[in-house]
Amino acid sequence: MAMSLKRIRRSWEEDAFRCPYLDTINRSILDFDFEKACSVTGNNFNVYACLVCGKYFQGRGKHTEAYIHSLQEAHHVHMNLQDGRVYCLPDSYEVVDQSLKDIQDMLNPTFCASSVSKLNTVPVYARGVDGSDYMPGLIGLNNIKNTDFVNVILQALARVPPLRDFFLIEQNYANYISSALVREFGALVRKIWSPFNFKGQVSPHEFLQAAMHDSGNRFKIGVQSDPMDFLAWLLNALHLALGGSKRPGSSIIHNTFQGSVRVSTHKAVIEGDDQVDEKEMPFLYLTVDVPAAPLFKDALERNIIPQVPLFACLTKFDGQTFQEMMNGDRRRYVITKLPRYLVVHIKRFSTNTQQFTEKNPTIVNFPVRNLDLANYTQLPENSQGGVNTKFNLMSSIQHDGTPDEGSYRAFVHFKANDQWYELQDLHCNQIHPQLISVSESYIQFYDAVPLEKK
């Protein structure tokens, strides 16, 4: 009875001190995806968002930009962009109201272990403030300017279960939050999977700024780059930022993607004195070459685009096929350890003698399910069939057009409803999986099939 009276009294007190300006909040214009900097001073600390007009201002004390804005425009409700607390200005009292929770959740979506464990099995449907429906995990990413090469990599990485689950729970990387790259990548993954978004799209603006800074402007907004180069850089940068080292399994990146390959180098020496150098090399992705496209045309004068099976490209790793090196050496490769999640890079781009980038349009046919790498993997003698060698496709990144003016899109498998989708910047459309295997695939992400399901 005493507890009931306390709850009634607390409810009465909250109603008695309810902020009279809550109905001035305009949720349709709120956007927390951009740099949290004051629109007047440009400073990025102690910044508040005006929940009436959506602009950012610094401070809330007298003579601060937010304080002046509240007087000049009669916009009284402001949210701290760091901790999500809301204040009424110029009176400067804190507003505690349950009706603000949706805005606080949009600013900083949080997940618990229970909700994360259901992402692959239970589809979630959400609705934006404009009435549009979307599915968390299947939302568009804004192409700020020639940033589609980043968007496709983010879409692929955001659905790799161990990586996704790690970054959805902030406590997992709380010790490394000082890294802007880790912090913004985690925030973006949480927004992609958040059911609290006010619209079915997210802007990766803050993540791009962190990537620009950490890469020394190697990857910039407005300059098209190769998504494979970006992926290789991002995986290594996140690994180091999370305290990773050369020790196997020292970060979630290596735990998820790292495998190993044995490289046997046959030195170019005097005939009869064959020298072989063998090394075990770790990898985060496998690169395969594709045959050169033919120069002839068909009877209708159309260029012929050949098709080859992925298995023909994978012979590079059969332990028997030699690769000729520029210095005359010959190398053979064989996989000695398969990762849980395999990334395959189909090498389509090369630089010719005139330093121009050329694209090989050969279509590489590949199975969407049960890609078997047993013939390219040297299994341990004591494995007795206990090693995963079959993989299912999770996502495929495709390049369309010429090397200079082309664009990228991603095909992704959504496990919760077992459907395939095409994601290209803000667009998300369901697609038949048979269309994926005949595309100009460039980067592929595979998930190892559990042994009991082979």
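When I say that a helix runs at an angle to a strand, I mean the angle between two axes, each a line fitted to C-alpha atoms and taken in the N-to-C direction, on a scale from 0 to 180 degrees. With that in place, good morning. The structure above is a predicted model, and I shall begin with one helix and the sheet beside it.

Helix 2 lies across strand 1, strand 2 and strand 3, and the angle it makes with strand 2 is about 120°. The helix spans residues 65-73, and within this stretch Ala66, Tyr67, His69 and Ser70 are buried. How are these buried residues arranged when one looks down the axis of helix 2? They fall within an arc of 165°, so they line one face of the helix. What do the buried residues of helix 2 pack against? Their partners are strand 1, residues 47-50, strand 2, residues 56-58, and strand 3, residues 77-80. On the face turned away from this buried side, helix 2 carries Leu71 and Gln72, which are exposed. Just after helix 2 comes alanine 74, with a positive phi of about 60°.

Let us now turn to the sheet itself. As a general reminder, strands of a sheet pair through backbone hydrogen bonds, in either a parallel or an antiparallel manner. Here, 5 strands form an open sheet in the order 2-1-3-4-5, with antiparallel pairing. Strand 2 and strand 5, the latter at residues 93-95, are the edge strands, and each pairs on one side only. On average, neighbouring strands of this sheet are turned by 40° against each other, with direction ignored. For a detail, consider strand 4, residues 86-88: 3 bridges join strand 4 to strand 5, and the two run antiparallel. Valine 86 has valine 95 in strand 5 as its bridge partner.

A second open sheet has 4 strands in the order 11-10-15-14, and its pairing is antiparallel. Its edge strands are strand 11, residues 276-283, and strand 14, residues 323-324, each pairing on one side only. Strand 10 covers residues 259-266 and is joined to strand 11 by 8 bridges, the two running antiparallel. Among the facing residues, valine 261 stands opposite methionine 281 of strand 11.

My next topic is charged side chains. The model has 17 salt bridges. One of these salt bridges joins the side chains of aspartate 102 and arginine 27, at 2.8 Å from N to O. Which parts of the chain does this pair connect? Aspartate 102 belongs to helix 3, residues 101-107, while arginine 27 sits in the loop between helix 1, residues 2-16, and strand 1, so the pair ties together parts that are 75 residues apart in sequence. Aspartate 102 is partly exposed, at 29% relative accessibility, and arginine 27 is also partly exposed, at 24%.

Arginine 127 and aspartate 133 form another salt bridge, with their closest N and O atoms 2.8 Å apart. Both arginine 127 and aspartate 133 are exposed. In a further salt bridge, between glutamate 422 and arginine 409, the closest N and O atoms are 2.3 Å apart. Glutamate 422 lies in strand 23, residues 419-424, and arginine 409 in strand 22, residues 407-414, so this pair ties together parts that are 13 residues apart in sequence. Is glutamate 422 buried or exposed? Buried means under 20% relative accessible area, and glutamate 422, at 15% relative accessibility, therefore counts as buried. Salt bridges also link Arg340, Lys415 and Asp447 into a network.

Finally, I come to the aromatic rings. There are 18 aromatic pairs in the model. In one of them, the rings of phenylalanine 166 and phenylalanine 167 have centres 5.1 Å apart and planes at 80°, so the pair is edge-to-face. Phenylalanine 166 is buried, with a relative accessible area of 18%, and phenylalanine 167 is buried as well, at 0% relative accessibility. Phenylalanine 414 and tyrosine 421 also form an edge-to-face pair, with 6.3 Å from centre to centre and 90° between the planes. Both phenylalanine 414 and tyrosine 421 are buried.

Which residues do ring pairs link into a cluster? They are Phe149, Phe166, Phe167, Tyr173, Phe185, Phe207, Phe219, Phe230 and Trp233. Phenylalanine 166 and phenylalanine 167, which I described a moment ago, thus both belong to this cluster.

Thank you for your attention.

Terms used
Residues numbered from 1 in each chain as written. Predicted model: local features only at pLDDT ≥ 70, side-chain atom pairs only at ≥ 80, totals over all residues. Heavy atoms only, no water. Pairing = 2+ DSSP bridges. Buried < 20%, exposed > 50% of the residue type's maximum accessible area, 1.4 Å probe, protein only. Arc of directions from axis to C-beta. Contact = heavy atoms within 4.5 Å. Salt bridge = Lys/Arg side-chain N within 4 Å of Asp/Glu carboxyl O. Phe/Tyr/Trp six-rings, centres within 6.5 Å; stacked < 30°, edge-to-face > 60°.
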